[in-house]
Structure formats: C-alpha cells, structure tokens
Amino acid sequence: MNPISLTISLLIVVLILRGVIQGSKKPLHESGRKLLIPILYISSSLFELFDPTLVLTSGRMIISIAIGAILSIPLILVTQFERKSDGKMYYKRNVSLYVLIIVIFSIRFFDFLFISGIDPKTLGFLNNVVALSYIAIWRIASFIKFHNSKSSTFRAWDKTA
C-alpha cells in the first residue's frame, strides 16, 4: 500500500471516529435517515466495476461480501440508541464501537500486506466490497434498531404519562 493510500485511509478512520463521537452528542432526526447516508458514500466505489483491468470472479465477490457480513455482526451488537431527558434519540456511547472500527480498518489494511496473488487494483476493489457490505448491513440494522428503540421508548413514556 503506498503512503498516499495509507494517509487517506488513516484520515478516513479519524473522520469516522470523530463522527461517531460527535454523533453521540447530537440527537438523531426522528426519521433516522442519516443512518443510511454512509451507504450512499461507499457505494460510489462500485463505479470501479467499469474498470476493465479488474480481475473479478464470483468466488472473490462472494467471499468479500461474506467477510463484510461477518464484520458487521459485532458492529450491530454494540450499536445502541437511547432517549435522553430532552426526549430525543441519541447514539448510546460505547467504547467497544470505537475499538471495533479501528480493528476493522486494521484488518482491511493488513489485507494488502498478507494477501498475494491478486493485483493491487482488484484487491482494493474487493476491500471496498467488504466495506460496502459491512457498512450497508450495519447501517440498515441500525436503522431498524433505531426505529424499534424509538417506538419502545414511546410506549414506555406513554405508560408513565
């Protein structure tokens, strides 16, 4: 991995961690649509499919999607929401989420060091497929969890009122 790619990757990790930290301080919109926006950002990497130099096989794609699905499981488990005293929904602060994000980016970084036999461009694209997979699954599950926790806290508040 060249130094420019490494620098950009580290910058992305820092920005994501900053976003998660700030996200726990700001209320989420009642619709929860902002939870789904990262899927749009990362899906733009699929335009690489039009690159004729990529050497893609269905096996590599399936494995990449499966790895992404597996990586999304711990993210889904640690992502929680809470209703604060102002009546708005927030991300519940969780140090495990920060650690998981760093671990996942580390795994993706070490792919470039230890996987051989795949050209760097194809490996980069497959890493993007892994990222799209875990981000899409994690964010869709978070969107569902958000709406479930929102509706359950509304029911709890209705009973106390």
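Me: How many aromatic pairs does the structure hold?
Reply: This is a predicted model, so local features need pLDDT of at least 70 and side-chain atom pairs 80 or more, while totals for chains, interfaces and linings use all residues. Numbering runs from 1 along each chain as its sequence is written, and side-chain values use heavy atoms, without hydrogens or water. Phe, Tyr and Trp rings (six-membered for Trp) pair with centres within 6.5 Å. The number of aromatic pairs in the structure is three.

Me: What kind of pair do Phe81 and Phe146 make?
Reply: Planes under 30 degrees apart are stacked, over 60 edge-to-face, the rest tilted. The Phe81 and Phe146 ring centres sit 5.5 Å apart. Their planes are at 80 degrees, so call the pair edge-to-face.

Me: How many residues apart in sequence are the parts that this Phe81 and Phe146 pair ties together?
Reply: Phe81 lies in strand 1, residues 81-83. Phe146 lies in helix 5, residues 120-160. With one ring in each element, the pair ties together parts whose separation in sequence is 65 residues.

Me: Is Phe146 buried or exposed?
Reply: Its partner Phe81 has a relative accessible area of 9% and is buried (under 20%; exposed is over 50%, partly exposed in between, 1.4 Å probe, protein chains only). For Phe146 the relative accessible area is 0%, so Phe146 is buried.

Me: Which residue joins Phe81 and Phe146 in one aromatic cluster?
Reply: Phe81 and Phe146 already make an edge-to-face pair. The cluster they belong to also takes in Tyr91.

Me: Which residue lies over the face of Trp138?
Reply: Lys84 lies over the face of Tyr90, at 4.5 Å from the ring centre. Over the face of Trp138, at 4.8 Å from the ring centre, you'll find Arg139.

Me: What pattern does the protein chain follow along the sequence?
Reply: The protein chain has five helices and two strands. Those are DSSP runs numbered from the N terminus: H or I for helices (at least four residues), E for strands (at least two). Read along the sequence, the pattern goes α-α-α-β-β-α-α.

Me: What distance separates the C-alpha atoms of Gly23 and Ile135?
Reply: Gly23 lies in helix 1, residues 3-23, and is buried, with a relative accessible area of 15%. Along the chain, Gly23 and Ile135 are 112 residues apart. In space, their C-alpha atoms are separated by 16 Å.

Me: What percentage of the residues in the protein chain is buried?
Reply: The C-alpha atoms fill a box of roughly 65 × 30 × 20 Å, taken along the principal axes. Of the 161 residues in the protein chain, the buried ones make up 36%.

Technical notes: A charge sits over a ring if NZ of Lys or CZ of Arg is within 6 Å of the ring centre and within 35 degrees of the ring normal.
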